[in-house]
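Colleague: I would like a close look at a single part, the sheet of one chain together with the helices that pack on it. Could you take me through that part in a connected way?

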Amino acid sequence: MQIEPTQLDKAVLLKVIGRMDAESAPEFEQACERSIAQGARHLIAELSGLQYVSSMGLRSFLTVAQKLKSQNGSLSLCGLQGLPRQVFEMTKLIGLFPVYQSTDEAIAKL
Amino acid sequence: MDPGFRRLSLPASLNSLQAFLEFAHTGADAAGLAAADRDQLDLVLEELLVNVARYAYQPGAGDVELAYAVEAGKLLVQIVDKGRIFNPLEKEEPDLRGNLENLPVGGLGIFLFRHLVDSPSYRREQDCNIVSFRFPRPDLLGT
């Protein structure tokens, strides 16, 4: 899994590519933690390159979203497709996140 | 067990996961599964094997066996461990209707396993947990 962070005006964009499994999910959480520690309150995860996510990955998304919400921030999900979308929908967790087709849309809603 | 099953037994640990998935891919290829179905299979196996690695033998260690057979474009899969009794089909489903603040932390992996496979079953036999299922689920084929 690769994570490419980009600092935007009001948020940090994290482009996630590859497979988020039991082994790599903590890396996503750590990348988010770093952004939060540097002052970010809104994170946008761009997931069109995410091929796979398991329950450990779901837990990481939830942990980060809970943390941001407690600081009046948000974790938005963009470009969800394929198995990751299926997993978010099947567990109904998709309803707990702001979900957008594109990062532009997510940025416009901040 | 029926003949025709291929088996791989490795230490129950996160480090074994990749080897188990590669072993299962041989079966997925033989069954002619599409790429999307293979990812689903990886997910189900990860959830079950990580669960065994985390809980079955704690605080000790032990092995887990993955076995599969190909039958008419489907895989019959069996996961066997000698750890403490655990029936994933009896575990209560997590209540996912809450909001971010009060969501349950556990149970998501077992939930995904139960919803992504066909005919899951569990039995305890000779001190072994034996979880079996067919894959893919016909109604989820290629999704």
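Modeller: What follows goes through the sheet, then its helices, then the side turned to the other chain. This is a predicted model, in which local features need pLDDT of at least 70 and side-chain atom pairs count only at pLDDT 80 or more, while totals for chains, interfaces and linings use all residues. Residues are numbered from 1 along each chain as its sequence is written, and chains are lettered from A and ligands numbered from 1 in the order in which they are written.

In chain B, 5 strands (DSSP runs of E, at least two residues, numbered from the N terminus) form an open antiparallel sheet in the order β1-β2-β3-β5-β4, where pairing requires that DSSP finds at least two bridges between two strands. Because β1 (6-11) and β4 (118-125) of chain B each have a single partner strand, they stand at the edges and one side of each is left without a neighbour in the sheet. From one strand to the next the twist averages 15°. Strands β2 (63-71) and β3 (74-81) of chain B are joined by 8 bridges in the antiparallel sense, and B:E65 has B:V80 in β3(B) as its bridge partner.

Helix α1 (17-31) of chain B (helices being DSSP runs of H or I, at least four residues) lies across β1, β2 and β3 of chain B and runs at about 10° to β2(B), with axes fitted to C-alpha atoms, for helices over the stretch in contact, and angles running from 0 to 180 degrees between N-to-C directions. α2(B) also packs on the sheet, where it touches β2, β3 and β5 (128-135) of chain B, and its direction makes about 5° with that of β3(B).

Turning to the other chain, 22 residues of chain B are in contact (C-beta atoms, placed from the backbone, within 7 Å) with 22 residues of chain A, and α2(B) gives the most to this side of chain B, with 8 residues.

Methods: Contact = placed C-beta atoms within 7 Å.
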